[in-house]
Amino acid sequence: MNSTCLPEKFKARMERELGGEYESFISSYALPAARGVRVNTLKISSEKFREIAPFEVTPVPWCADGFYISEEKPGNFTEHAAGLYYVQEPSAMCAAPLLGDLRGKRVLDLCSAPGGKGTQLAAAMAGEGVLFLNEINFSRAKILSQNAERMGIRNAVVTVASPAQLACEYPACFDCILVDAPCSGEGMFKKEEAAISEWSEENVARCAVRQAEILDCADKLLAAGGRLVYSTCTFARDEDECQAENFLATHAGYTLLRQEKLWPHKVRGEGHFAALFEKSGGDSGDFARVPKSKPDPREKLWRDFEKDFLNVKFDNLHVSGNTLHSLPEGAPLPRLQTLRAGVRLGTFEGNRFVPDHSLAMSLKAGEAEFFELDEERAKAYLSGLTLDCGGSGWVVAAYKGYPLGWCKVSGGVAKNHYPKGLRHTTAHEFLARAAH
């Protein structure tokens, strides 16, 4: 990228602030953008991933499960469809680990889409506790929900709400909160042309006001003794250091424990800011308990399916319409708009139970019958094609021992139940490629 494309007022500000480091900073824009993936340790260890990774990986220093890559299209691999990794800019991996051990805690990612930091929090929780992933924009929340599903997260609730709505619904209920705030995106200049065209000093100021409002809500949501991480992918002091200082000045009982700023001329990454706060005072709330409802007689269809096709038991069942969920233990029954709550087990269709893709992606080897596919057949499955298969009933199509989705086997044929909206290409296109 040529630095002449950068906004002149941005360059002038950075030269004033960086002084003698400015030339190194501006020269970093001539380097290729750093690419990375973060291993989903809910499914696979980093050590195992390095053994089977479909491309070369190099460790990211500040994230134990993060790796640099040179591959330009990491989302095209079957391992990605299996949820073994999340494509994430390396600098952005620095914020979530600041919250420390999250197992068993109530955690909120307040501005979560598309899900990089939220799925990183989920991995740190290792399935223990309750994770809220919130996004105010519905279309972005749908992508967030799909990523939570692909990564096999069982204990997440995906909500579509404003920070103020959440603060009214769950005051002082969270032990840990991450605020990856909407910002002027100066660290995105290499990756997104729109970040350059939309930048202005006025937008930096507007972002700072909005960030302060979001942090006010985060304060209301955080329980006494809780921890809060505030992060951005911008370099503007008004959105970073000054925002942290103003938060401390206007919110009693907080201590700044740590503050980091990754610069693209000092590390291999596009840049990120993160500040960790601890709250000593205030209240401690709790989620409203899920009221016990009468058992739905259709749950017997689920238990029969569970007995026939699974080697793992799901509890905390909740029926919504014709859909059956397994809610996270200790989670409230969401009253805000919710796209996902725990694991969507499946739907009741007449006198049949049809398992959901969410259930398949949450399973591990041994928890169901896995129908192992080689790379060619895995790509055929992801394209929606039927496959030859022995046996009968519901099986999980798998690649390298990791689930891709459901098949229903009958008469030697595995009918494909991979969601149509996720299919990589049409069957016609796949067959045309295979012929060449």
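Reader: What radius of gyration does the chain have, set against a compact globule of 436 residues?
Author: Happy to start there, with the reminder that this is a predicted model. For 436 residues, a compact globule would come out near 22 Å. The chain agrees with that expectation, because its own radius of gyration is 23 Å.

Reader: Thanks! What box do the C-alpha atoms fill, and what percentage of the residues count as buried?
Author: Taken along the principal axes, the C-alpha atoms fill a box of roughly 75 × 60 × 35 Å. Of the 436 residues, the share that counts as buried is 54%.

Reader: Which secondary structure elements does the chain have, and how many of each?
Author: Both helices and strands are present. The count for the chain is 14 helices and 21 strands.

Reader: How far does helix α9 reach from its first C-alpha to its last?
Author: Helix α9 covers residues 201-221, which is 21 residues. At 1.5 Å a residue, 30 Å is expected. The helix comes close to that, with a reach of 31 Å.

Reader: Which residues of α9 are buried?
Author: A general point helps here: an α-helix has 3.6 residues a turn, so residues three or four places apart point the same way. In α9, the buried residues include Val 204, Cys 207, Ala 208, Gln 211, Ile 214, Leu 215 and Ala 218. Others on that list are Asn 203, Cys 217, Asp 219 and Leu 221.

Reader: Is Thr 323 buried or exposed, and at what relative accessibility?
Author: Thr 323 lies in strand β13, residues 323-326. Leaving aside residues up to four places away in sequence, it touches His 318, Arg 344, Gly 346 and Thr 347. Buried means under 20% relative accessible area. Thr 323 therefore counts as buried, at 18%.

Reader: Where is the cis peptide bond at Pro 114, and what is its omega?
Author: Most peptide bonds are trans. Pro 114 sits in the loop between β5 (105-109) and α5 (116-125). The cis bond joins Ala 113 and Pro 114, with omega at about 5°.

Reader: What is the phi of Ala 172, and is this residue buried or exposed?
Author: Ala 172 is in the loop between α7 (163-169) and β8 (174-180). Its phi is positive, near 55°, in a residue other than glycine. Ala 172 has 8% relative accessibility and so counts as buried.

Reader: And at what relative accessibility does Lys 400 stand?
Author: Lys 400 lies in the loop between β19 (393-399) and β20 (402-410). Although not a glycine, Lys 400 has a positive phi of about 55°. Lys 400 counts as partly exposed, because its relative accessibility is 36%.

Technical notes: Residues are numbered from 1 along each chain as its sequence is written. This is a predicted model: local features need pLDDT of at least 70, side-chain atom pairs count only at pLDDT 80 or more; totals for chains, interfaces and linings use all residues. Side-chain values use heavy atoms; hydrogens and water are left out. Helices (H or I, at least four residues) and strands (E, at least two) are DSSP runs, numbered from the N terminus. The radius of gyration is taken over C-alpha atoms; the globule rule is 2.2 Å times the number of residues to the power 0.38. Buried means under 20% relative accessible area, exposed over 50%, partly exposed in between (1.4 Å probe, protein chains only). Contact means heavy atoms within 4.5 Å. The expected span of a helix is 1.5 Å times one less than its number of residues.
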